[in-house]
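Me: I have a structure open and some questions about its packing. Can we go through it piece by piece?

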Amino acid sequence: MNVDAAFVLVDKASGWTSHDVVNKTRRIFGVKKIGHAGTLDPMATGLIVLGIGKATRLLRFVQGQTKEYVTTAMFGVATHSLDADGAILDRTPMEIFEADVAGVLGRFTGDIVQVPPMVSAIQIGGRRLYDLAREGKEIERASRPVTVHRIDIESFAPGPYPEVTLRVVCSTGTYIRTLADDVARALGGRSHLTALRRVRNGGLEV
């Protein structure tokens with residue numbers, strides 16, 4: 001199949017990297033020039049917008065659009081990557097309720113700043129942070145401004161390690177892993193993501 005220019009909306013499976021998706025699409029369409037409008041972590045699922053051929057030059061109009069995610073965070077368990085793919089750093093039960101979570105979400109709505117996680121593709125000094133993390137290194141990261149338009153609690157499963165499912169609408173560049181962990185820190189603990197799904201990029205839905 002030969003395509004000169006197109007957008008392709010891919011529902012990425014868990015376990016695939018964004019690079020895996022690009023390579024598979026190259027084979028399907030027989031086109032080398034393919035770009036995407038934002039990566040997803042290997043654990044995550046959902047929408048990746050690909051530009052094929054001449055359409056790659058239009059991806060900049062998609063990249064900066066608002067994103068929407070549905071994510072589940074386990075409170076009380078911290079991992080080095082802030083998601084289920086990472087090694088467990090701490091396990092401390094958190095006696096919290098849905099009202100406690102709801103009560104702090106307002107602090108993380110609007111214009112906020114985040115410190116990017118070490119396990120991320122950001123480059124500092126010519127090195128990807130995730131490469132440094134694999135070497136056991138942790139370096140200082142500058143905080144970055146992001147905008148969280150809304151956070152809604154979809155479900156709450158109580159217990160010593162409560163699981164909270166959130167729907168988040170946010171600006172590009174927002175780390176949902178960091179957001180969930182910051183919410184947990186505001187309640188006196190830590191958290192990591194057990195699921196993350198991107199359901200919308202601007203006006204494009206999964």
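Me: Which residues does Lys54 touch, not counting those up to four places away in sequence?
Reply: This is a predicted model, so local features need pLDDT of at least 70 and side-chain atom pairs count only at pLDDT 80 or more, while totals for chains, interfaces and linings use all residues. Residues are numbered from 1 along each chain as its sequence is written, and side-chain values use heavy atoms, with hydrogens and water left out. Contact means heavy atoms within 4.5 Å. By that rule, Lys54 touches Asp4 and Ala5.

Me: Where does Lys54 sit, and is Lys54 buried or exposed?
Reply: Lys54 is in the loop between β3 (45-53) and α2 (60-63). Helices (H or I, at least four residues) and strands (E, at least two) are DSSP runs, numbered from the N terminus. Buried means under 20% relative accessible area, exposed over 50%, and partly exposed in between (1.4 Å probe, protein chains only). Lys54 has a relative accessible area of 46%, so Lys54 is partly exposed.

Me: How far apart are Lys54 and Ala6 in space, C-alpha to C-alpha?
Reply: In sequence, 48 residues separate Lys54 and Ala6. In space, their C-alpha atoms are apart by 7.6 Å.

Me: Which side-chain partner does Thr72 have in a polar contact?
Reply: Thr72 lies in strand β4 (residues 67-75). Thr72 is buried, because its relative accessible area is 15%. A polar contact is a pair of N or O atoms within 3.5 Å; within protein, one must be able to donate a hydrogen and the other to accept it, and residues adjacent in sequence count only if both atoms are side-chain atoms. At 2.8 Å, the partner of the Thr72 side chain is the side chain of Thr165.

Me: What do the end C-alpha atoms of α1 span?
Reply: The expected span of a helix is 1.5 Å times one less than its number of residues. Helix α1 (residues 18-29) has twelve residues, so 16 Å should be spanned. The computed distance agrees: 17 Å.

Me: Why do the buried residues of α1 lie on the same side?
Reply: In α1, the buried residues are Ser18, Val21, Val22, Thr25 and Phe29. The arc is that of the directions from the helix axis to the C-beta atoms. These residues lie on the same side of α1 because they cover an arc of only 100 degrees.

Me: Which exposed residues are on the face of α1 turned away from its buried side?
Reply: Cover for the buried residues of α1 includes β1 (5-12), β2 (34-36) and β3. The face turned away carries the exposed residues His19 and Arg27.

Me: How many residues of α5 are buried?
Reply: Among the elements covering the buried residues of α5 are β4, β10 (144-157) and β11 (163-170). The buried residues include Ile176, Leu179 and Val183. Of eleven residues, the buried ones number eight.

Me: Which helix gives the most to the largest nonpolar core?
Reply: A nonpolar core is a set of buried Ala, Val, Leu, Ile, Met, Phe, Trp, Tyr and Cys residues joined through side-chain atoms within 4.5 Å. The largest has 39 residues, and Leu50, Phe75, Ile151 and Val168 touch the most other members. With five residues, the helix that gives the most to this core is α5.
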